[in-house]
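Work through the following exercises with the sequence and the model at hand. Each task is followed by a solution in steps.

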Amino acid sequence: MGNVLITGASGFIGSFLVEEGLKNDYKVYAGIRKSSSREYLKDPRINFLEMDFSSVEKIVETLEACKILGIRFQYIIHNAGVTKAGRKEDYFRVNAQNTQNFIQALIQTGMVPEKFIYMSSLAAHGPGDPATMLPVMLADTPKPIELYGKSKLEAEKYILSLESFPWLIIRPTGVYGPREKDYYVFFKTMSRGMETYIGYRPQILTFIYVKDLVRLIFDAMKSPIVRRAYFVSDGKEYDTKMFAAITKRILKKKTLKITVPSVIVKHLAFGLEKIFGLWGTIPTLNTDKYKVLSSTNWRCETEPLQRDFGFVAEYDLEKGVAETIDWYKSEHWL
Ligand SMILES: NC(=O)c1ccc[n+]([C@@H]2O[C@H](COP(=O)([O-])OP(=O)(O)OC[C@H]3O[C@@H](n4cnc5c(N)ncnc54)[C@H](OP(=O)(O)O)[C@@H]3O)[C@@H](O)[C@H]2O)c1
């Protein structure tokens, strides 16, 4: 099937991409750092490639070494990235600058693959209009609301500026599944009997189960389509209460509902950010996080996925959460 290089292979989505590649008989190269965990990369068929994206020169060195060994990548999934960072500049350094360094090195070494998939995010576009509640469309102008989304959009803009580079941009909405650590906090809180909401306005959410996402990415990779972007969700819409109800049902738990008025969360986020800012760091609850948590419309267009790749999600939230919670329990996370 050819060689595929998956960067950020040690992370949540990356480790599932590696498994999907192996399942589809690709020769899989896992792009990792020296410090990366290999906990989910134990299959003996995995080839490891240590990569340092901090300069074009360092990547060129790695790619030249590959060339000498006769290794060429037909496909690259550039999935390495940060979804949260302690300092503002880290978002742009890792998500935007590193992507640019990587692509420049590929061009410089003549190692441009047949397809380069950039793992972006719905955050690069930003939420939809809260007044019309219409889903965001690929033809709309992106308006990211926080640093993470802005840094992903900056990487996208660089990619779009390239002439005849064979890119595909994938913009998943919230990805959940086994090994995931952010939604996990929600599942853990629910399992402890606490159901917390921010504000009283209903929030429309979209999700994609990690196994559906990686299947879609490999289907997109095999297709002849290049130079297009896609939002990815399971095609359904949920609200925060539905997410909680599904989780409660699966956990078989009764919960205590607590709603914190959004104005309190907003002021708290602002205050924490000011304090942490004195040390040049960002707290977990910050004004960006507040904007994401309080946005009411995370609907996105998904018809192009079905049209171009025949994609239909196998997992809706109920099925995906059940499998995820089973995994958390089997691993004693819950
Ligand atoms: N999770 C979601 O809901 C979601 C939604 C949309 C898009 N995405 C995108 O999907 C990708 C993977 O996200 P994830 O949720 O799987 O995150 P994750 O579990 O935190 O994994 C991130 C991966 O990127 C690597 N990485 C981070 N900084 C790096 C650097 N400076 N140099 C090289 N590698 C670096 C990490 O390596 P180490 O293990 O060495 O730290 C790890 O392998 C990201 O690009 C993210 O923006 C995620």
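**Exercise 1: a helix pair**

The crossing of H6 and H8 is right-handed; a crossing has this hand if the near helix is turned clockwise from the far one by less than a right angle, and is left-handed if anticlockwise. The model is predicted: local features need pLDDT of at least 70 and side-chain atom pairs pLDDT 80 or more, while totals for chains, interfaces and linings use all residues. Residues are numbered from 1 along each chain as its sequence is written.

Task: determine how the axes of H6 and H8 cross and which residues make the contact.

Solution. Step one: locate helix H6 at residues 183–191 and helix H8 at residues 240–251. Helices (H or I, at least four residues) and strands (E, at least two) are DSSP runs, numbered from the N terminus. Step two: the two axes come within 10 Å and cross at roughly 60°. Axes are lines fitted to C-alpha atoms, for helices over the stretch in contact, with angles from 0 to 180 degrees between N-to-C directions. Step three: H6 and H8 are therefore oblique to each other, the class left over once angles under 35 degrees (roughly parallel), over 145 (roughly antiparallel) and 65 to 115 (roughly perpendicular) are taken out. Step four: Phe187, Met190 and Ser191 of H6 meet Ala244, Thr247, Lys248 and Leu251 of H8, a contact being C-beta atoms, placed from the backbone, within 7 Å.

**Exercise 2: the sheet**

Task: give the strand order of the open sheet and find its edges.

Solution. Step one: the seven strands run in the order S3-S2-S1-S4-S5-S6-S11, with parallel pairing; two strands pair if DSSP finds at least two bridges between them. Step two: S3 (47–50) and S11 (228–232) each have a single partner strand, so one side of each lacks a neighbour in the sheet. Step three: neighbouring strands are turned by 20° against each other on average, direction ignored. Step four: S2 (residues 27–32) pairs with S3 over four bridges in the parallel sense, and tyrosine 29 has asparagine 47 in S3 as its bridge partner.

**Exercise 3: positive phi**

Task: find where methionine 133 and serine 164 lie and classify their exposure.

Solution. Step one: methionine 133, not a glycine, has a positive phi of about 60° and sits in the loop between helix H4 (122–125) and helix H5 (147–160). Step two: with 13 other C-beta atoms within 10 Å, methionine 133 is partly exposed; 20 or more would be buried and 12 or fewer exposed, with C-beta atoms placed from the backbone. Step three: serine 164, also not a glycine, has a positive phi of about 55° and lies in the loop between H5 and strand S6 (167–172). Step four: serine 164 has 7 C-beta neighbours inside 10 Å and counts as exposed.

Methods
Two residues are in contact if their C-beta atoms, placed from the backbone, lie within 7 Å.
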